[in-house]
Amino acid sequence: MPDTSSGQRVRLLWPLLAAPGMVWMALLFVTPLYVVLAIVFGQIDPVFRSPLPAWLPWEWDFTQFNFVIDHVFGADGYFGPALVRTAVYVVVASSMCVLIAYPVAYYTARCAGRYKALILTLLIAPFWISYMMRMLAWVNLLQDDGLATRAISALTLFPSGFGQLNGQASTVVLGLVYGYVPYMILPLFAGLDRIPAATLEAARDLGASRLEAFRRVTLPLSRPAIVAGVLLTCLPMLGDYFTNDLLSGSPRTTTAGNLINNSATTAGQTGQAGAFVLIVLLVALVPMLLFVRTTRDPSAVRS
Amino acid sequence: MAAQRRLWTRRQLLVRAAVSGAAVSGVSALGGCSTRTPSSATGSTPTKLRIASPDNPVTWPIPGDNPPIEDGLAPERGATLRLYNYADYLAPAVMKAFEELYDVDISLSTFNNADEALAKVRSATIPFDVYFPSYDQIGKLVSAGLLQPLNHSYIPHISDAWPVFTDPWYDGEWRYTVPYAIYTTGIGWRADLVDVDVGGYENPYDVFWDDRYAGDLAVIDDFHTAMGMVLLRNGITDLNTADPDQLEIVRADLLDLTEQTRPKVTITMYNDLPGGQYGLTQMWSGDAVNAQYYLGGGARKEDLRFWFPEDGKGMVDNDLMVVLNSARNPVLAHLFLDYVLEAKNSIANFSWTGYQPPQRSIDPERLVGQGYVPPNLRSAVVREEYFTSGYRLLELPPEVDTAWHQVWQEFKAGA
């Protein structure tokens, strides 16, 4: 009997320790979200065009939310293209991140040997320099008389090296890839590093070729890490606006983050900004649920 | 709606009271419209803001509960004077000299656009003393009681400024404002990057739609300034139009602009053009002058160019300094206004920001000779006569403002 009660105590200890953090996080998520809802479904001051939040749900007014929805689809749907563009940029940039990060993470986890710690440190190095600074560096390189532009012109890879910073989707996507690839490498490394070498040895012993061992053992076992990496890069990319502002700033490359930022800083459109936030949140929920499902998958916890 | 009304603060009620006075009278014919009209219970919310314009000058009332400060007060001691301004729009040396003169600290906060600034000033979370607005906010600021009327006895150096600013149309008898900087909006470019003669175009604004410069140009990220340029391109000189057909022209032209030349939309021209991010841009004259201090890599000051119509028929504006009601140091705030107006400080400030003050002692003809403005930027000098020939961006009534913003939103969404 005393055994069970002490076991009970231990079982209670950890949730209790976690509680303050959990409550704090919940408060900091739920409260702002409620404020957003109150603003989206609230009124606008007739003179100052500032939001007048409606705190009580039965006073909610759907005018602003409907305005946004009405302008996403259909003939007057001028928000639609920006949302589609966002999806394309995020999917392309994330895929490129996976393609670039996977070999790096694999090499670091499996083949780096005694240089593992050094390489890991170097991979974290970009975080020592602010994201903004790294993007501004690209601005310098890509401006009309910048180093990269001159190099590109000299190599005549493109007919003209000019105008890389105005409205080029490729520049924005490359900026996103460059900015977010470290966030992909780290979870991939952690995932690949955790795969016991014994499982691979077993696969080879049982006659799998190197490629087959990768395809049938390593890749499935690293799937949760890939999903985690994709989430870590996709979610911030969905709301990113300053990469785009710095590297393009043209309406041709406007994304969901820009729509939110533009409306939030325009008097009379704050509620619309909230509506965009809700749309992004709903879209982001889908990969989140996918992640929850993947981590529940028994094959993922076998290691 | 009824529940909403209960949430109104006293300040909002005052705004509505002041505003409904103007609504009843039609436009701005009333001299002092402090009639308090209690809002009725129905949906007849007054939505007309009293709007000043050169044709309808306004002298704002000074309400009894918001008097100017007394004469002859000593400046606050050991205080921190809080300023609220655009970034890079006030010379650090001028602030430092003021700090030393009065043995105070200055804390400068900056904003990126007028909407953001107005929202923060209204929230009064930070007790700013001095704010640098444009005249197109003055109606909102005064009717919401956010400004302190000025006590002119602290500001003798108003005499250094152009006389017109002691009785401007947007603030008769300069009850609330003193002038800060004056500027025109034209077109700037770098002769070494783009081969263009803007003045040589039959319609110089067409240059933004010229696909030879695609991807190498920018327009100002301010709905009114950019859309005003589109109106001028179409020969429409009412830059505050409420006509839906004219806004439709602007809308079509803006969407075409994205299609033709995919311009960058930003306000950092003073940095981007000399830095070589693009070669051609819509530009404020002050930014054109300021650009010489931000030259990067291979850029030379001689390569900067600026175009503004020679007949002065373009966009002309001025910014202001005001003392806010939230000021903890109203006396120092008055003294600061006076200090910045004083000729020598004003010119020191100009030589750092590039934005010309409306100073009597500045002879526009001589600014180039004195080295403040490079000869190749001669047309960026602001002349007093531009203020009669040029077009003004006025405060827009809320419903018109909404229509303008929707066009701008569609443009920026990049459909």
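This briefing covers a helix of chain B, a pair of packed helices in chain A, and one residue of chain A. The model is predicted: local features need pLDDT of at least 70, side-chain atom pairs count only at pLDDT 80 or more, and totals for chains, interfaces and linings use all residues. Residues are numbered from 1 along each chain as its sequence is written, while chains are lettered from A and ligands numbered from 1 in the order in which they are written. Helices (H or I, at least four residues) and strands (E, at least two) are DSSP runs, numbered from the N terminus.

**Helix α13 of chain B**
- The end C-alpha atoms of α13(B), residues 398-413, are 22 Å apart, which agrees with the 22 Å expected for 16 residues at 1.5 Å a residue; the expected span is 1.5 Å times one less than the number of residues.
- Among its buried residues are B:H405, B:W408 and B:F411; buried means 20 or more other C-beta atoms within 10 Å of the residue's own, with C-beta atoms placed from the backbone.
- B:G414 follows α13(B) and has a positive phi, near 65 degrees.

**Helices α2 and α13 of chain A**
- α2(A) (residues 63-70) and α13(A) (residues 270-296) pack at about 60 degrees with axes 9 Å apart; axes are lines fitted to C-alpha atoms over the stretch in contact, and angles run from 0 to 180 degrees between N-to-C directions.

**Residue A:F189**
- A:F189 lies in helix α7 (residues 169-194) of chain A.
- A:F189 is buried because 25 other C-beta atoms lie within 10 Å.
- A:L120 is 69 residues from A:F189 in sequence, yet their C-alpha atoms are 8.9 Å apart.

How values were computed. A residue is buried if 20 or more other C-beta atoms lie within 10 Å of its own, exposed if 12 or fewer, and partly exposed in between; C-beta atoms are placed from the backbone.
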